[in-house]
Number of protein chains: 2
Amino acid sequence: MRSVHPDDRADADLTAQAKIRNAAIAQFATDGFQKTNLRAIAAEAGVSASLVIHHFGSKEKLRMICDEYVLEVLLARTRSDSSVTGMRDVVSEYLADPTEYHLEVQYMARAIAEDSPAAARFADSMVNESEAILRAGILDGSMRPSSDPRALAVLTVLTSLAMLTIPRALARAFGPDISGPAAMKRIALPTLEIYTHGLYANDTFLTAVTDLLVTAQPDQGSNDD
Amino acid sequence: MRSVHPDDRADADLTAQAKIRNAAIAQFATDGFQKTNLRAIAAEAGVSASLVIHHFGSKEKLRMICDEYVLEVLLARTRSDSSVTGMRDVVSEYLADPTEYHLEVQYMARAIAEDSPAAARFADSMVNESEAILRAGILDGSMRPSSDPRALAVLTVLTSLAMLTIPRALARAFGPDISGPAAMKRIALPTLEIYTHGLYANDTFLTAVTDLLVTAQPDQGSNDD
DNA sequence: GGGTGTACTGAACGCATGTTCAACAGACTA
DNA sequence: TAGTCTGTTGAACATGCGTTCAGTACACCC
């Protein structure tokens with residue numbers, strides 16, 4: 001159930017290298033890089049731990065290969081998918097079909113959260129695509145103009161990733177044994193409501209803050225930690 | 001610079017137990033539980049690793065003590081603070097004064113993300129307070145009514161935590177060497193804009209989805225993974 | 001057949017790290 | 001002074017895990 005492409009090719013047909021890579025992707029995605037150990041990956045791939053090292057050199061290099069592979073898979077999907085939805089709209093895609101690319105998206109979220117070597121590239125892909133979509137939407141009038149489209153793009157990516165990796169403890173706020181995907185589904189509608197009408201009934205907060213920013217004009221980047 | 005209460009009491013005045021606890025809270029908050037090792041905690045507290053075990057029994061028990069302590073500190077703040085802002089409005093509080101309770105809030109976010117023993121209690125506190133605030137706001141007309149206030153509460157907590165723990169890779173979308181707090185500041189305004197006016201210029205998406213939900217009425221909780 | 005190279009394995013090594021243990025110093029008590 | 005209890009330490013132990021190594025099986029080539 002943990003194969004990267006459960007539909008097309010069976011595990012048995014894959015080379016040992018591919019089986020190891022797929023097992024690693026699955027375990028890195030679900031358990032994280034640090035927590036996953038080579039022997040578990042080897043066991044799931046049906047090989048010995050030594051073979052993992054033999055083929056990939058080290059655990060760290062294995063992670064890099066996995067990063068590249070997942071990145072390529074997701075980018076390939078984006079390119080092949082003629083619709084406008086790119087890597088950014090992962091949540092809507094996920095809600096539409098949770099099984100497809102489930103693992104890859106989860107892997108990416110983990111990679112960004114754990115700051116893996118390719119994390120910056122994952123993040124940049126998402127943010128850039130998101131920004132393009134937002135700018136296009138603003139131009140064609142389907143989205144409201146933003147004071148900072150770049151930051152808006154980062155915000156949407158951030159919330160999307162958060163929803164994809166919703167912590168168990170938070171999901172349990174819906175009930176003792178609710179699943180992550182189920183929690184996501186329940187959150188989807190309020191998200192859409194906020195994205196459509198906002199949360200506040202009036203703009204007192206917003207105007208107050210914007211006035212504050214205009215009058216005070218603090219030097220941006222005052223990091224006094 | 002890592003003391004829990006940098007303002008009131010100096011580290012030198014604390015008992016060894018307190019110094020260990022504070023060092024543990026700081027390191028758990030910044031590096032995570034798994035990544036932190038007892039010798040590093042002991043070093044920061046200026047004691048030996050054995051003493052940590054002597055006072056707390058095990059690393060896991062130390063974590064539980066830290067959980068309790070931070071939870072109590074944050075709840076005490078909520079109670080003492082006569083304003084309406086509870087644990088939920090952590091982001092606004094943080095933006096107003098990043099140094100106060102910085103560590104505790106960071107600790108909580110980590111605890112929830114890593115599913116620490118007290119994670120559910122942290123999350124429940126946040127969600128319940130958030131829900132109360134939202135319901136109050138809806139009642140007094142300052143906030144728009146929601147189809148699912150509970151889910152809305154979870155959503156706001158989720159996004160708040162995500163902003164507090166924004167991954168480096170995402171923050172770097174603003175520039176190669178931008179800090180987490182700086183990224184948060186830049187995201188704050190778009191967040192407020194969305195919370196005030198939404199993102200979409202019209203409600204086609206929302207009506208489409210609500211229509212879909214009304215007609216299809218899928219059995220909620222169909223977890224086919 | 002003999003040589004060479006590749007896929008693969010089990011055992012072992014080395015290091016990090018949580019934990020245990022024996023010991024010591026100082027305070028308090030009898 | 002002797003005894004005991006607490007705070008504290010350094011060394012050692014045990015385990016987990018990434019990695020190394022010697023060796024086996026098998027294929028391909030001369």
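**Entry 1: strand D**

I began with B:Ser50, where an N or O atom of the side chain lies 2.5 Å from a base oxygen of DNA strand D. I note at once that this is a predicted model, and I read each distance as a value computed from it. On the phosphates of DNA strand D I looked up two further contacts: a polar side-chain atom of B:His55 lies 3.1 Å from a phosphate oxygen, and a side-chain N or O atom of A:Asn37 lies 3.4 Å from a phosphate oxygen. I then asked which elements give two or more residues to the surface near DNA strand D. I found helix H2 (38-45) and helix H3 (49-56) of chain A, together with helix H3 (49-56) of chain B, and H3(B) gives the most, with four residues.

I listed the surroundings of this strand next, and 16 residues surround DNA strand D, the closest being A:Leu38, A:Arg39, A:Lys59, B:Ser48 and B:Ser50. By class I recorded five nonpolar, eight polar and three charged residues on the surface near DNA strand D. Of the strand D atoms within 4 Å of the protein, 52% belong to sugar or phosphate, and the rest belong to bases.

**Entry 2: strand C**

I turned to DNA strand C and looked up its phosphate contacts with chain B. A polar backbone atom of B:Leu38 is 2.8 Å from a phosphate oxygen of DNA strand C, while for B:Asn37 I found a side-chain N or O atom at 3.4 Å from a phosphate oxygen, and for B:Thr36 a polar backbone atom at 3.5 Å. The elements that give two or more residues to the surface near DNA strand C are H3 of chain A, along with helix H2 (38-45) and H3 of chain B. H3(A) gives the most here, with four residues.

There are 16 residues around DNA strand C, and A:Ser48, A:Ser50, A:His55, B:Leu38 and B:Lys59 come nearest. I counted these by class as five nonpolar, eight polar and three charged. Sugar or phosphate accounts for 54% of the strand C atoms within 4 Å of the protein, and bases for the rest.

**Entry 3: chain B against chain A**

I next examined the contact between the protein chains, which takes 64 residues from chain B and 64 residues from chain A. About 6,100 Å² is buried between them, and carbon and sulfur atoms give 69% of that area. Across this interface I noted four salt bridges, including one in which the side chains of A:Asp115 and B:Arg172 meet at 3.2 Å, N to O. I also noted 16 residue pairs in polar contact between chain B and chain A, both residues being at pLDDT 80 or more.

Several helices of chain B each supply at least two residues of the side that touches chain A, among them helix H6 (102-113), helix H7 (119-139) and helix H8 (149-164). H10(B) gives the most to that side, with twelve residues. By class, the side of chain B that touches chain A has 36 nonpolar, 15 polar and 13 charged residues.

**Entry 4: how the copies are related**

What operation superposes chain B on chain A? I found a rotation of 180 degrees with 0.0 Å of shift along its axis, at an RMSD of 0.0 Å, and the two copies are therefore related as by a two-fold rotation axis. In chain B, the C-alpha nearest the axis is that of B:Gly198, 2.0 Å from it. I closed with the contact residues of chain B, 98% of which recur in chain A, so that the same surface serves both copies.

Technical notes:
Residues numbered from 1 in each chain as written. Chains lettered and ligands numbered in written order. Predicted model: local features only at pLDDT ≥ 70, side-chain atom pairs only at ≥ 80, totals over all residues. Heavy atoms only, no water. Near = heavy atom within 4 Å. Polar contact = N/O pair within 3.5 Å; in protein donor to acceptor, adjacent residues only side chain to side chain. Nonpolar A, V, L, I, M, F, W, Y, C, P; charged D, E, K, R; others polar. Contact = heavy atoms within 4.5 Å. Buried area = accessible area lost by both parts, 1.4 Å probe. Least-squares fit on C-alpha atoms with pLDDT ≥ 70 in both.
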